[in-house]
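Biologist: I've got a fresh model to look at and a pile of questions. Shall we put it on the screen and start?

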Amino acid sequence: MINTIWIVLMAGGILVAGFQCLGLDYSSAQGLVMTPSFVPLTELTKGLFDSAKAAVNLAMGLIGIMALWLGLMKIAEESGLVNLFARAVRPLLVRLFPEVPPDHPAMGAMVMNIAANMLGLGNAATPLGLKAMQELQKLNKVKDTATNAMATFMALNTSSVTFIPATVIGIRAAANASNPAEIIGPVILATGVSTTVAIIAIKTLQKLPKYRMPAVAQEGEEV
Amino acid sequence: MFQGVINGVSAIAIPVLILAIVGHGWYKKVKVYEVFTEGAKEGFNVAIRIIPFLVAILVAIGSFRASGALDLLTGLLSPLTSWIGMPGEVIPMALMRPLSGSGAMGIVSELINTYGPDSIPARMAAIMEGSTETTFYILAVYFGSVGVKKTRHALPAALLADLAGIIAAVVVTQMVFG
């Protein structure tokens with residue numbers, strides 16, 4: 001998918017610029033007038049090189065802010081603050097996942113994954129999330145089909161419950177934004193909307209006949 | 001009032017969080033300085049690791065924009081997006097966000113670079129980046145890791161959430177910064 005988008009952007013741009021080199025003018029009084037020139041293509045080439053340079057400048061500017069944030073997060077991990085935070089969101093998760101026993105390892109992994117996501121710790125969140133999926137799979141009776149708990153966990157993950165979008169703040173700071181952190185409030189609001197929609201959607205859709213768990217599971221349970 | 005609250009949250013979030021982290025670390029007798037520098041080392045790696053993705057996306061979008069192709073596309077889609085208040089420049093971001101995390105970050109960077117970090121398109125894309133996720137990637141990796149093939153309602157629900165997140169980002173940006 002990303003490959004298709006990339007080639008469309010890259011080649012599409014070059015082809016459009018090439019077409020403009022013909023210098024076709026439909027609105028001219030003499031009918032169709034052609035004034036060929038290489039300017040659109042040389043401009044494009046210059047633009048490509050400028051973009052490549054800008055990418056590296058941006059990444060360089062990001063180093064300091066990322067170092068600051070990851071340093072702070074390391075302290076929060078060592079001091080147990082991330083754990084404390086996880087304990088705070090636990091009661092909420094227990095209600096969202098009625099199928100998962102509260103003391104099951106899956107619950108612990110999910111709690112930690114969501115806590116890490118909230119703090120913008122994407123790298124720490126992924127291993128915890130994968131661990132949670134493995135634990136949820138142990139509770140699954142139809143191994144190739146997602147359980148309600150898995151789907152709910154995925155909805156929470158993809159709707160991105162974020163408090164501190166650290167990387168974006170870093171990019172804004174690197175580009176000398178007047179107030180890089182000003183997006184935190186709006187992000188919390190927007191993420192609240194998407195997470196609410198995700199939970200409503202998942203809990204509503206799972207009742208539809210189309211998305212029901214295969215019957216094999218129930219029969220297997222009775223035997 | 002609404003703007004004041006939102007801006008207030010943005011203003012105090014980082015200082016309060018830093019104070020809480022450092023204070024709690026000191027209280028728990030963590031060697032704050034040593035642990036901080038240990039974590040900070042990772043920051044360098046993260047920034048370097050994203051360079052290839054940034055170059056790929058910035059150059060591709062640069063090609064699309066410099067040639068005038070982007071103007072053609074936004075011209076086509078803008079009747080739809082202007083209805084919810086989304087500027088045409090942000091359309092590529094909304095399309096890219098569920099597909100590729102590095103791609104979306106590249107577009108945010110590109111908008112910041114082209115229009116300035118305090119412009120509406122750059123702010124809107126930044127808020128979108130913060131409030132939505134790479135849905136297809138996450139579903140593929142997470143379900144793939146345990147061999148689940150039938151994902152049932154997970155994808156439709158996640159895409160609905162993305163749509164809600166994108167619209168919410170547009171509306172909130174217009175309300176706070178518009």
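Biologist: Which hand does the crossing of α7(A) and α6(B) have, left or right?
Modeller: First, a caution: this is a predicted model, where local features need a pLDDT (the predictor's confidence in each residue, from 0 to 100) of at least 70, side-chain atom pairs count only at pLDDT 80 or more, and totals for chains, interfaces and linings use all residues. Now the rule: a crossing is left-handed if the near helix is turned anticlockwise from the far one by less than a right angle, and right-handed if clockwise. By that rule, the crossing of α7(A) and α6(B) is right-handed.

Biologist: How do I read those labels, and which residues make up α6(B)?
Modeller: Residues are numbered from 1 along each chain as its sequence is written, while chains are lettered from A and ligands numbered from 1 in the order in which they are written. Helices (H or I, at least four residues) and strands (E, at least two) are DSSP runs, numbered from the N terminus. So the label α6(B) stands for a helix of chain B, and that helix covers residues 101–115.

Biologist: At what angle do α7(A) and α6(B) pack?
Modeller: Two packed helices are described by the angle between their axes and the distance between the axes. Axes here are lines fitted to C-alpha atoms, for helices over the stretch in contact, and angles run from 0 to 180 degrees between N-to-C directions. Angles under 35 degrees count as roughly parallel, over 145 as roughly antiparallel, 65 to 115 as roughly perpendicular and the rest as oblique, and α7(A) and α6(B) are therefore roughly parallel to each other. Their axes lie 10 Å apart, and the packing angle is about 25°.

Biologist: Which residues of α6(B) does α7(A) meet?
Modeller: Two residues are in contact if their C-beta atoms, placed from the backbone, lie within 7 Å. From α7(A) come A:Thr167, A:Val168, A:Ile171 and A:Arg172, and what they meet in α6(B) is B:Met105, B:Val108, B:Ser109 and B:Ile112.

Biologist: How many residues of that contact of α7(A) with α6(B) are nonpolar?
Modeller: Ala, Val, Leu, Ile, Met, Phe, Trp, Tyr, Cys and Pro count as nonpolar, Asp, Glu, Lys and Arg as charged, and the others, Gly among them, as polar. The contact of α7(A) with α6(B) has two polar residues and one charged, and its nonpolar residues number five.

Biologist: How about α8(A) and α1(B): at roughly what angle do their axes cross?
Modeller: The axes of α8(A) and α1(B), the latter being residues 2–27, come within 6 Å and cross at roughly 115°. That makes α8(A) roughly perpendicular to α1(B). Where they touch, A:Ile184, A:Gly185, A:Pro186, A:Ile188 and A:Leu189 meet B:Ile6, B:Asn7, B:Val9, B:Ser10 and B:Ala13. To come back to your angle, it's roughly 115°.

Biologist: Which element gives the largest share of the side of chain A that touches chain B?
Modeller: Zooming out, 88 residues of chain A are in contact with 90 residues of chain B. The elements of chain A giving two or more residues to that side include α1 (2–20), α5 (122–138) and α8 (184–205). The largest share, 26 residues, comes from α2(A).

Biologist: A:Met133 caught my eye. Is A:Met133 buried or exposed?
Modeller: A residue is buried if 20 or more other C-beta atoms lie within 10 Å of its own, exposed if 12 or fewer, and partly exposed in between, with C-beta atoms placed from the backbone. A:Met133 sits in helix α5 of chain A. Leaving out residues up to four places away in sequence, A:Met133 touches A:Met150, B:Tyr142, B:Ser145 and B:Val146. With 26 other C-beta atoms within 10 Å, A:Met133 is buried.

Biologist: Which residue of chain A is B:Thr151 in contact with?
Modeller: B:Thr151 belongs to the loop between α8 (135–146) and α9 (154–177) of chain B, and its 20 C-beta neighbours inside 10 Å make it count as buried. Neighbours within four places in sequence aside, B:Thr151 contacts B:Leu139 and B:Phe143 in its own chain, and from chain A it contacts A:Ala146.

Biologist: What ipTM does the predictor give the complex?
Modeller: Chain B averages a pLDDT of 88, and 100% of the residues score at least 70. For the complex, the predictor gives a pTM of 0.81 and an ipTM of 0.83.
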